Amino acid sequence: MKNLEPRGTVAVPGPARIDTLDSLREHLQWAVELEHATLPPYLCALYSLDPERNPEAVEVVGSVFAEEMLHLALAANLLNAVGGRPRLDTPGMLPPHPRRLPHSDLEVSLLPFGPEALEMFLRLERPAPPGAPAEGDGYETIGQFYDAIEQGLRHLCEQLGEREVFCGDPAHQVNGSHFRHTAGSLFAVEDLESALGALEEIVEQGEGTARGEVWDGDQDVFHPDRDEVAHYYRFQELKLGRRYRRGDTPQSGPTGEPIFANLAAVRPMRPDPRLSDHAPGSAIRTAQEEFNRTYCTLLNQLEQAFNGDPKLLGAAVGTMYTLKGQGAALMLMPEEDGTTAGPTFDYVPPAQRS
């Protein structure tokens, strides 16, 4: 299925090593939190784009968002496979923006699409440098964090045996029959081979195959005649205004056909909006609070889907369409400073969601 050989990363000495099942479960919960933390910034950029006048940028940001949802599901499968319980419906998932990714110095903000958002996305998806050490905490790139999880999985399987490590309930796995809208594949994790396959899917879609390739190993879901470009290089295409084609490398840059992002067709959302910017009962704050209730309903549906009720993934997709309408409506509401409103992604306790 996937390559069982290590990717040639350097082992981490000392206490940072993932050497117990509890530590592995803790780091895989961090992976769930990490994958979720990318979603609000991508959604804000996506909602800010006029789909009629910015179809190529919508295609890029929308495809990355869909694959981050896939990565979230794969991280949940990994955690379930080793006897953990994915948690999403908690206040800690939604700290105020700007915020740091869990256990990292990488910072994310809520921004409209544009040069500043593109630079943030490029920092997020940046490939690990050749020979970079695995980093289970304080990671500099997402790939280094997943390398530490890979090392921990291999170590624990050697020490305890696969049966002891992969002790989770198979009924909690979600697979491709529950998830669509992406060229990547969602599959059950049941042993070391499938676990390494899940890690490889996450890392390669973000930074490319084999560390140093532009491509992520899939076919482009929108253009089946093309190979799919990894997230980092998709954002490079938008930044540089040109697509990668076969034969291109990270060193050559993209040499294919033009790709166009119309910055005049972006809704100028106020960066990092806050509920406190508006009085209770005001139109903007009421719309923001409604969005937050819907978003926290989505987190609850995902948590239930990943904890034994996978059919709720279908309900979650419906909730995402509701969110899209609410987010787009917010960005049509003018602020006094010439910007528009935007979602705040605040946590709403379950009792306050109805």
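Which residues does G206 touch, not counting residues up to four places away in sequence? The legends below work through that and a few other spots in this predicted model.

**View 1. G206 and its neighbours.** Leaving aside residues up to four places away in sequence, G206 touches E125, A230, H231 and Y232. G206 itself sits in helix α7, and with a relative accessible area of 7% this glycine is buried. V229 is worth picking out here too: it comes 23 residues away from G206 along the chain, and the two C-alpha atoms are 9.1 Å apart.

**View 2. The largest cavity.** Stay with G206, since it turns up again here: it is one of the residues nearest the centre of the largest cavity, along with L124, E125, I142 and I202. In total, 14 residues line this cavity, and its volume is about 130 Å³. Two or more lining residues come from each of α3 (55-81), α4 (115-125), α5 (142-160) and α7 (192-207). Which of the elements gives the most to the lining? That would be α7, with 4 residues. As for chemistry, the lining is a mix: 5 nonpolar residues, 4 polar and 5 charged. If you go looking for others, the structure holds 3 cavities of 30 Å³ or more.

**View 3. A cis peptide bond ahead of P98.** Most peptide bonds are trans. The one from H97 to P98 is cis, though, with omega near 0 degrees. To find it, look at the loop between α3 and β1 (99-100), where P98 lies.

**View 4. H103, a histidine with positive phi.** Keep going along the chain to the loop between β1 and β2 (107-108), and you'll find H103. Its phi is near 60 degrees, a positive value in a residue that isn't glycine. Is H103 buried or partly exposed? H103 counts as partly exposed because its relative accessible area is 33%, which falls between the 20% and 50% cut-offs.

**View 5. D272, an aspartate with positive phi.** Here's another residue with positive phi that is not a glycine: D272, at about 45 degrees. Most residues other than glycine have a negative phi. D272 belongs to the loop between α8 (231-240) and α9 (283-305). With a relative accessible area of 16%, D272 is under the 20% cut-off and therefore counts as buried.

**View 6. Two cysteines, C157 and C296.** Both of these side chains belong to buried residues: C157 has a relative accessible area of 11%, while C296 comes in at 0%. How many disulfides does the structure hold? The count is 0. A disulfide, as a reminder, is a covalent bond between the sulfur atoms of two cysteines.

**View 7. Stepping back to the whole chain.** The chain has 10 helices and 4 strands. Following the sequence, you meet them in the order α-α-α-β-β-α-α-α-α-β-β-α-α-α. Of the 354 residues, 57% are buried. Among contacts with a separation of 6 or more, 70% are between residues 24 or more positions apart. The accessible surface adds up to about 14,900 Å², and carbon and sulfur atoms account for 52% of that.

Key: Residues numbered from 1 in each chain as written. Predicted model: local features only at pLDDT ≥ 70, side-chain atom pairs only at ≥ 80, totals over all residues. Heavy atoms only, no water. Buried < 20%, exposed > 50% of the residue type's maximum accessible area, 1.4 Å probe, protein only. Contact = heavy atoms within 4.5 Å. Areas by Shrake-Rupley, 256 points an atom, 1.4 Å probe, with all protein chains shown as cover. Disulfide = S-S within 2.5 Å. 1 Å grid on protein atoms, 1.4 Å probe; cavity = no way out; pocket = protein on both sides within 12 Å on 5 of 7 lines; lining within 4 Å. Points joined across faces, edges and corners; volume = space filled by probe spheres on them. Nonpolar A, V, L, I, M, F, W, Y, C, P; charged D, E, K, R; others polar.
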